[in-house]
Amino acid sequence: MEKTKIELIKITASEGMVLTNGDTYSKKVYLGVNDSVDNWHEITDAEYEEIMKEEEEKEET
């Protein structure tokens with residue numbers, strides 16, 4: 001029998017902020033095996049709303 005311990009790293013955005021890696025946005029992120037905290041940064045909720053508005057406008061055209 002083989003026993004393996006798996007460690008998950010969860011990062012959580014500060015109040016009023018959203019985490020992003022440039023492609024994905026979230027309040028909480030569980031990092032995958034090939035991901036790093038260095039790949040993520042915070043943007044404000046207002047910045048996130050503006051990005052989502054721009055994405056919706058692109059999809060409509």
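In the predicted model, the protein has a radius of gyration of 15 Å, whereas a compact globule of 61 residues would have one near 10 Å. The spans of the C-alpha trace along its principal axes can be set beside this value, and they come to about 55 × 30 × 15 Å. Of the 61 residues of the protein, 16% count as buried, and the area that the protein exposes amounts to about 5300 Å², with carbon and sulfur atoms supplying 48% of it.

The secondary structure consists of 1 helix and 5 strands, and these elements follow one another along the sequence in the pattern β-β-β-β-β-α. When contacts between residues at least 6 apart in sequence are considered, 29% of them join residues at least 24 apart.

The structure holds 1 aromatic pair. The rings of Y25 and Y48 have centres that lie 5.5 Å apart and planes that meet at 55°, so the pair is classed as tilted, given that the tilted class covers plane angles from 30 to 60 degrees. Y25 belongs to strand β3, which comprises residues 25-26, while Y48 belongs to helix α1, which comprises residues 45-60; the two residues are 23 apart, and the pair thus links distant parts of the chain. With regard to accessibility, Y25 has a relative value of 25% and therefore counts as partly exposed, and Y48, with a relative value of 23%, also counts as partly exposed, because the partly exposed class lies between the limits of 20% for buried and 50% for exposed residues.

A nonpolar patch on the surface is formed by I6, L8 and Y30, which together have about 400 Å² of accessible area. Within this patch, L8 is placed in the segment before strand β1, a strand that covers residues 9-12. The relative accessibility of L8 is 61%, and L8 therefore counts as exposed, since the limit for this class is 50%.

A further exposed position is found in a loop, namely N34, which lies between strand β4 (residues 28-31) and strand β5 (residues 41-44). The relative accessibility of N34 reaches 75%, and for this reason N34 counts as exposed. Between the C-alpha atoms of N34 and N21 there is a separation of 13 Å, the two residues being 13 residues apart along the chain.

Technical notes. Residues are numbered from 1 along each chain as its sequence is written. This is a predicted model: local features need pLDDT of at least 70, side-chain atom pairs count only at pLDDT 80 or more; totals for chains, interfaces and linings use all residues. Side-chain values use heavy atoms; hydrogens and water are left out. Rings of Phe, Tyr and Trp (its six-membered ring) pair if their centres lie within 6.5 Å; planes under 30 degrees apart count as stacked, over 60 as edge-to-face and the rest as tilted. Helices (H or I, at least four residues) and strands (E, at least two) are DSSP runs, numbered from the N terminus. Buried means under 20% relative accessible area, exposed over 50%, partly exposed in between (1.4 Å probe, protein chains only). Patches are made of residues with over 30% relative accessible area and no salt bridge: like charges are joined within 9 Å, nonpolar side chains (Val, Leu, Ile, Met, Phe, Trp, Tyr) within 5 Å. Accessible areas come from the Shrake-Rupley method with a 1.4 Å probe; for residues, only the protein chains shown count as cover. A salt bridge is a side-chain nitrogen of Lys or Arg within 4 Å of a carboxyl oxygen of Asp or Glu. The radius of gyration is taken over C-alpha atoms; the globule rule is 2.2 Å times the number of residues to the power 0.38. Contact means heavy atoms within 4.5 Å.
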